Amino acid sequence: MNLNIPWETAKTIAERRCSRANVELVYPDDPRRTVVAGLVALAHKLQKTGVTAEHVEERITVTLPGVPGAAMELLALIPFVGVLLKHFAGLNGRTAIYLARAVTERKDSVALLATVEHELGHAGNIAAGGLAFCLAYLIASEARGGTEAPCYGASMVVEVGLDGRTVEDAEARALESISGYGFDADTTILARALIQSAAETIRQTGDYGQILFELYQELTAEGVVL
């Protein structure tokens, strides 16, 4: 299925789904996004992941916890910049998704919805207080791989269901994206296996965690003909 989803409709749905999860959606022109991008880029530089500041600014969407709790405390464990991230995140009051510029500059509705569903996966991990979530993945490569890969299943099913991509194409794009995270060899194997597992779930069921079913309901409510 390849739907013509108006940009403002996609924004409305994305913001509504974030609101239901008690998550704030922060757009690239918000000054807070600049702060987050700078801190994340510094963390990558210090960890020598190979991820550049330009890549963070343009391509990496970040989710940060906002209220005191296990997730907030884990931010402080990130070497060198963790305390700064913890302090900044605490000022916002609730978990927030800081969108990368590439998500909005083309006004690609499917890309926006796919990114938000991916990041809501991180937000769910934050709410659960688990270790392998969001920016805590900077502490250990394995945690990053284990956290990121399942969230790619969410973005993949959106691309397949709303943009008409084949599962194979969406899978290939996810695998390519994973290569930009600076993973070591073992973590790369783990992340690729999890992405391939998510792709197989989409092939077999046509959905992934009922994400597509819920988005179809959202689109119908907004008058988009399926």
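**Exercise 1. Decide whether Glu-117 is buried or exposed in this predicted model.**

Solution.
- Step 1. Take the relative accessible area of Glu-117, which is 5%.
- Step 2. Apply the cut-off: buried means under 20%.
- Step 3. Glu-117 is therefore buried.

**Exercise 2. Find the salt-bridge partner of Glu-117, and say how the pair sits in the chain.**

Solution.
- Step 1. The side chain of Glu-117 meets that of Arg-17 in a salt bridge, at 2.5 Å from N to O.
- Step 2. Locate both ends. Arg-17 is in helix H1 (residues 7-20), and Glu-117 is in helix H7.
- Step 3. The two residues are 100 residues apart, and the pair links distant parts of the chain.
- Step 4. Check the arginine. Its relative accessible area is 10%, so Arg-17 is buried.

**Exercise 3. Work out which residues of helix H11 form salt bridges with Arg-17, and what these pairs tie together.**

Solution.
- Step 1. Start with Glu-214. Its closest approach to Arg-17, N to O, is 2.9 Å, and the two form a salt bridge.
- Step 2. Glu-214 lies in helix H11 (residues 211-221) and Arg-17 in helix H1, so this pair ties together parts 197 residues apart in sequence.
- Step 3. Glu-214 has a relative accessible area of 30%, so the residue counts as partly exposed.
- Step 4. Turn to Glu-218. This residue also forms a salt bridge with Arg-17, with the closest N and O atoms 3.6 Å apart.
- Step 5. Glu-218 is in helix H11 and Arg-17 in helix H1, so here the parts tied together are 201 residues apart in sequence.
- Step 6. Both Glu-218 and Arg-17 are buried.

**Exercise 4. Place these pairs in the wider set of salt bridges.**

Solution.
- Step 1. The structure holds 16 salt bridges.
- Step 2. One network of salt bridges links Arg-16, Arg-17, Arg-20, Glu-117, Glu-214, Glu-218 and Glu-222.
- Step 3. Recall the principle: side chains of opposite charge can pair when their charged atoms come close.

**Exercise 5. Lay out the sheet, and say which strands stand at its edges.**

Solution.
- Step 1. The sheet is open and has three strands, in the order S1-S3-S2, with mixed pairing.
- Step 2. Strand S1 (24-26) and strand S2 (62-64) each have a single partner strand, so one side of each lacks a neighbour in the sheet. These two are the edge strands.
- Step 3. On average, neighbouring strands are turned by 20 degrees against each other, direction ignored.
- Step 4. S1 and strand S3 (residues 96-98) run parallel and are joined by three bridges. Glu-24 stands opposite Ala-96 in S3.
- Step 5. Add the helix. H7 (residues 109-128) lies across S1, S2 and S3, and runs at about 25 degrees to S2.

**Exercise 6. Describe the surroundings of Glu-171.**

Solution.
- Step 1. Glu-171 belongs to helix H9 (residues 167-178).
- Step 2. Its relative accessible area is 12%, so Glu-171 is buried.
- Step 3. Set aside neighbours within four places in sequence. Glu-171 then contacts Met-156, Ile-195, Gln-196, Ala-199 and Arg-203.

**Exercise 7. Check the aromatic rings: how many aromatic pairs are there, and which ring has the charged end of Lys-11 over it?**

Solution.
- Step 1. Count ring pairs with centres within 6.5 Å. The count is zero aromatic pairs.
- Step 2. Look for Lys-11. Its charged end sits over the ring of Tyr-27, 5.1 Å from the ring centre.

Note on methods: Residues numbered from 1 in each chain as written. Predicted model: local features only at pLDDT ≥ 70, side-chain atom pairs only at ≥ 80, totals over all residues. Heavy atoms only, no water. Pairing = 2+ DSSP bridges. Helix = DSSP H or I, 4+ residues; strand = E, 2+ residues; numbered from the N terminus. Axes fitted to C-alpha atoms, helices over the stretch in contact; angles between N-to-C directions. Contact = heavy atoms within 4.5 Å. Phe/Tyr/Trp six-rings, centres within 6.5 Å; stacked < 30°, edge-to-face > 60°. Lys NZ or Arg CZ within 6 Å of the ring centre and 35° of its normal. Buried < 20%, exposed > 50% of the residue type's maximum accessible area, 1.4 Å probe, protein only. Salt bridge = Lys/Arg side-chain N within 4 Å of Asp/Glu carboxyl O.
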